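Biologist: I'd love to go through this fold with you and ask how each label is earned. Shall we look at it together?

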Amino acid sequence: MNLIDPIVAFHSELQEIRRNIHAHPELCYEEQRTANVVAEKLTAWNIPVIRGMGVTGVVGVIKRGTSAAAVGLRADMDALPMQEFNTFPHSSKHDGKMHACGHDGHTAMLLGAAHYLAQHGTFDGTVYVIFQPAEEGGGGAREIEVRQVVHGAQATAAASSPVHSRACTRKTRPTAPGDRHDQSQVVPSVRHFEKLQLQRT
Ligand SMILES: [Zn+2]
């Protein structure tokens, strides 16, 4: 695997972000603290932020050049209603809640991508970095999709993430249309983030 030097150099801050989020898991549509962490990081990196997408969702907008082309990279922020029994320092501080699915990692990874693209991106167009709420059966992607239309672009969910843990793929969890776990909506992906194709409306 070829690692990108600026991202490797950013590793320790990304690890700190992931552990911070892991220690403070929040369930569907309750991701206020996590959204604040995301928005504060994006803002510190001079990336314009849209808040309140799908209740707690955050979208960062990275523009380059003059092209109207756009692509979205998605991560999810919510945790699972599970007890954590790990004893490392960043284990969950909230009984009955845990980042057992890896959304702490998804969020940190997308922040890393956003930081890299904002610093080193050479594309012509717009990258939307989309941090959605309520992936765990709450239909958070659908909520982002509806509200994205209001903000001038229509998003279509296209793929699922292969880095979800077993806890995230329980077949007993309820699903909603547009959610990754709604099997009718799932399309295999080779990347960590669900990609969204965005069209101007
Ligand atoms: Zn998940």
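Modeller: Gladly, and do keep in mind that this is a predicted model. Which residue in E4 does Gly-60 stand opposite?

Biologist: Gly-60 stands opposite Val-129 in E4. But what makes E2 and E4 a pair?

Modeller: Strands count as paired if DSSP finds at least two bridges between them. Strand E4 (residues 125-132) and E2 have seven bridges, in the antiparallel sense, so they meet that definition.

Biologist: How do you know that E3 and E4 pair too, and in which sense?

Modeller: The test is again at least two bridges, and E3 and E4 have seven, in the parallel sense, so this is a pair as well. One example is Ala-70, whose bridge partner in E4 is Thr-126.

Biologist: And what joins strand E1 (residues 49-53) to strand E2 (residues 57-64)?

Modeller: Four bridges join these antiparallel strands; since at least two are needed, E1 and E2 count as paired. Arg-51 has Val-58 in E2 as its bridge partner. The two strands form a hairpin with three residues between them, and Gly-54 in the turn has a positive phi of about 60 degrees.

Biologist: Let's turn to the core. Which residues touch the most other members of the largest nonpolar core?

Modeller: They are Val-38, Leu-110, Ala-114, Val-129 and Phe-131, out of 25 residues in that core. H2, helix H3 (32-44), E2, strand E3 (70-76), H4 and E4 each give two or more residues to this core, and H4 gives the most, with six.

Biologist: Why is Val-129 said to touch Leu-110?

Modeller: Contact requires C-beta atoms, placed from the backbone, within 7 Å. Leu-110 is among the residues that Val-129 touches, along with Val-59, Gly-60, Ile-62, Leu-73, Ala-113 and Ala-114, so each of these pairs falls within 7 Å.

Biologist: Why is E4 called mostly covered?

Modeller: Six of the eight residues in E4 are buried, which means that each of those six has 20 or more other C-beta atoms within 10 Å of its own.

Biologist: Last one: how do helix H2 (residues 11-23) and helix H4 (residues 103-120) meet?

Modeller: Their axes come within 8 Å and cross at roughly 145 degrees, in a right-handed crossing. Leu-14, Ile-17, Arg-18, Ile-21 and His-22 in H2 meet residues of H4 including Ala-108 and Leu-111. This contact divides into five nonpolar, four polar and two charged residues.

Terms used. Residues numbered from 1 in each chain as written. Predicted model: local features only at pLDDT ≥ 70, side-chain atom pairs only at ≥ 80, totals over all residues. Axes fitted to C-alpha atoms, helices over the stretch in contact; angles between N-to-C directions. Left-handed = near helix turned anticlockwise from the far one by under 90°. Contact = placed C-beta atoms within 7 Å. Nonpolar A, V, L, I, M, F, W, Y, C, P; charged D, E, K, R; others polar. Core = buried A, V, L, I, M, F, W, Y, C linked by C-beta atoms within 7 Å. Buried ≥ 20, exposed ≤ 12 C-beta atoms within 10 Å, placed from the backbone. Lists of a residue's contacts leave out its neighbours within four places in sequence.
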